Amino acid sequence: MMKKLLLLTVVGLYTLTSHGQKKTVDQRVDSVLRLMTLEEKVGQMNQYNGPWAATGPLTNDDKLLDQIREGKVGSMLNATGVARTRELQQLALQSRLKIPLLFGQDVIHGYRTIFPIPLAEAASWDMDAIRQSARIAATEVSAAGVHWTFAPMVDIARDPRWGRVMEGAGEDPYLGSMIATARVKGFQGNGYGKTDAVMACAKHFAAYGAAVGGRDYNSVDMSLRQLHEVYLPPFKSAADAGVATFMNSFNDLNGIPATGNSYLQRDLLKGQWKFKGFVVSDWGSVGEMINHGFSKDNYEAAMQAANAGSDMDMESRSYIQHLVKLVKEGKVKMTVIDDAVRRILKKKFEMGLFDDPFRYCNEEREKAQWNNPAHLSAAREMAKKSIVLLKNNGVLPLAKNSGAPRTIALIGPFARAKSDNLGFWSYDWPDDSARIISVFEGVQRKTGPDTRLLYAKGCNVNDTSTAGFAEAIAAASQADIIILTVGEARDMTGEAKSRSSIRLPGVQEELAKAIIATGKPVVVLISAGRPLVFNHIADNAPAVVYTWWLGTQAGDAIADVLFGDYNPSGKLPMTFPLTEGQIPIYYNYYSTGRPATSDSDRFYRSAYTDLSLYPKYPFGFGKSYTTFEYSDIQLSKKTFSAKEKTDVTVTVKNTGNYDGEEVVQLYIRDITGSVVRPVKELKGFRKIWLAKGESKEVVFTLSVDDLRFYNDKLQYIYEPGDFVVYVGGNSREVKEAGFTLLK
Ligand code: GLC
C-alpha cells in the first residue's frame, strides 16, 4: 500500500499544481528536477548499450542492471522488443524517482521490413515515398518498445570512398534538406508522443561526410562559409521540421572535435537555431576526445563535452564517472547539468513515459506490426522508385511472355542473394530467407512456362577464384537473354567501410567481361551502397541498372522494372566518378579562373592530362524506357527586383513509347558575386508523370530567397546581378535562360 501511495505521490507531483491544475510540461520537468540529486541528474545524461548487440567498440559492464536500478542510466540503445524493454523499464522504476528509460535504436531504413538504403531512396526524388518509408519504420520499431531512432543521417557527402554515403542523401544541400525534412516528419509522424511514432535524431553534427580522403572518422577542415553553404542546410531543415534530438559526430571540425564544439552545439544549434531538444554524443565520442588530443583524460573530456552542449554521453562512461566531481569542483556549473537534464526529461514527458512508462510495451501491437503486408508493398514501391537506369540499348524492358520458348540465364553472386539485398544498418530475422525476395525469385514470378531460367553464380563477391566462370559462360551460351548481377556485399559499404578502390570487388569485372564477350543481350544489375567504378561494363554492356541495396522486396522491385511493370525514374543523388583519381568530383563546383569547357582545354581548371574532365554519370542522371523533350525556358520576368518573383516555365513532352516519370530539375548560377558562386546549384525539382505523347507545362517560381548565399561575413544574403537558370533531366543536359536581379 505504501509503495502505491509513494508512486501516486511522486506521479502526482509530476502532473498537478498545488491548486490541482494540470501542469505544463516545463512545470512537470521542473517538479522532477527539484527532487533530483546531482547523481540522479548525471544518471539521466548517461546512455548505455545493451550487451545484446554492439554498433561500436563494446565494453562489457556487468553492473549495468544495478546502475539502472540506482537511477544511473537515462537511456539504453540496442535494446529492442517489448519483453526486453519492459524488463529494463521495470528496473528503472525501482529507482528512487522512478524516471523511465528512453530506448534508442539505429532504424536507418527499416526495422522488420527493410527499405532501400537512404542513398537509394534519395535517387527516387520522391519525398512522399521517402516520408512513408520512415513512417513505416517508426510504426514497426515503436511497436517493438523503442522510443527513438538515431536517424535521419543527413551528412552531405561528396566522396564515394567514404562508406557512410549509403546512409545519407548524397552530395546536394537542397535535395538533402528536402529529404531530411521528409524523414523527420516520417519518423515523428503526428507527434512523437503518439505510440506509432518515434523521436528522430539528426546526425552527425557536423560535417562528418567531409572527412579527409573519405576515410571514416577522419579530420574535417573547412571554411565556416563552406560549412554553412554545403553541410549545415540539411541539419537546419531537420531542426525546422521539429526533430527531437541531434547526435554529434566523431570528427574534429577545424581543430575542435564536434563533441566538444560549443560553436556547433551552443552558439549555432541551441543559440541561433533555438533548438529545444537534446544532443546525444556518438558512440564513445566523449571519451574519444582523448585520442583526438583534445582532452587529457575522461575527466577533462566530460567537462569539455558537457560545457560544449553534449547533453547525453553514449557509452563512454565519462559523464557517469566524472560529472558529479566536476560540478562539485566548479568545473561544470549546475546550470549546465540542469539544462541538459531538462532537455532530456522534457522528451520523456512529451513521449508520455512519465504517464505510462510501458505505453510502448504492447504485445498485441508488436505482433500486429510484425508481418504487416502493407509494409511489404510499400517497400516494393519505394524500391522500384529508387532504381536508376544508367544505360539501355533497347534490350529493356524484357517481355514477360515471349510467345516462344526462351531461356534467361541469371548469372552472378547476387542472383540468388538474400540478406545482401538488405545493405548496411539493417536487421536479420529468422524468417528472412522466406521474406526477402531474390532477383532470381523476382524474375521467376514474372515469367511463364515459355521461359526456362538458368542460374550460375560465376564467382564469389570478393575472392580471386574464377572456377565458376566456365559454368557461367556455359549458361550464358544457352541463353537468349542474360541478367548479370554484380556489386558489393552488404557489409562493404557503411560505417568504418571506407575503400581506396571503388571498383567491383574480387573477379566480378572479369566475369562481366567474359559474359559480355558472348555478344548475347546482357542486362547488368549493380547492387551497391555507393557509387562504384565499372567502366568496362558501362561501355560494353547493352543495359546497366543500378539497384543499390533495395531491401526486403528487392527481387520483385527489380523484376517490376526489368519486365516493364514499372518504368524506371531514379536519378543519381551523387556524381559517379570515372575513376578514384577524379575524387572529389561533384556538380556544384566553382568556375575557377580557367574554367574548362571541354577535354581539349588543357591549361584550364586543373584538368588532368590523363583523364577526362567529366564524371562517368553526373548528379541527377537517370534514364527511362521513354524519352523526354524539354522546350526552351520561358521567364515571366527577365529582370525583377528583390520584392518580385519570376516564373520559370518549361514544357516537357514524353516523346517515347512508354508512359513514365521524369524528375524535372532546376538549377541556377549566380554569374558574379562578392564571393565566387558554384557553376550550378539545385534550387527546385518536380517529379512528373507523362503518358506517351503527353506534354506538361512545369512552372517553378524563383524569388530572391532562392538566390541567397553566405558571404565572407557569414551573412545569408542575395546580391543583384545576372543569373542563369537551367532546367533539365540531369545536371548536365539542360536548357538555359538568363535573368537579372535588380538592386
Ligand atoms: C555508431 C554510429 C551512429 C550510431 C551510433 C549508435 O558508431 O556512428 O550513427 O547511431 O553509433 O549505434
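Two strands count as paired if DSSP finds at least two bridges between them. With that in hand, welcome to this predicted model, beginning with one of its sheets.

**The sheet**

Strand β21, residues 660–670, is joined to β22 by nine bridges, and the two run antiparallel. One residue to look for here is I668, whose bridge partner in β22 is E681. Both strands belong to an open sheet of five strands with mixed pairing, in the order β19-β27-β26-β21-β22. Which strands stand at the edges? They are β19 (639–640) and β22 (681–690); each has a single partner strand, so one side of each is left without a neighbour in the sheet.

**The nonpolar cores**

In soluble globular proteins, nonpolar side chains tend to be buried together. Here the largest nonpolar core has 162 residues, and M76, F246, I411, F534, I537, Y546 and W548 have the most contacts inside it. Helix α15 (residues 334–350) supplies the largest share of this core, with seven residues. A second core is separate and has 29 residues, among them L389, L525, A557 and Y625.

I537 is worth a visit in your viewer. Beyond its neighbours within four places in sequence, I537 is in contact with V486, L504, E509, A512, I516, V524 and V544.

**Cysteines**

How many disulfides does a search of the whole structure find? The search finds zero. Two cysteines can be placed by their accessibility, with buried meaning under 20% relative accessible area:

| Residue | Relative accessibility | Class |
|---|---|---|
| C201 | 0% | buried |
| C361 | 8% | buried |

Notes:
Residues are numbered from 1 along each chain as its sequence is written. This is a predicted model: local features need pLDDT of at least 70, side-chain atom pairs count only at pLDDT 80 or more; totals for chains, interfaces and linings use all residues. Side-chain values use heavy atoms; hydrogens and water are left out. Helices (H or I, at least four residues) and strands (E, at least two) are DSSP runs, numbered from the N terminus. A nonpolar core is a set of buried Ala, Val, Leu, Ile, Met, Phe, Trp, Tyr and Cys residues joined through side-chain atoms within 4.5 Å. Buried means under 20% relative accessible area, exposed over 50%, partly exposed in between (1.4 Å probe, protein chains only). Contact means heavy atoms within 4.5 Å. A disulfide is a pair of cysteine sulfur atoms within 2.5 Å.
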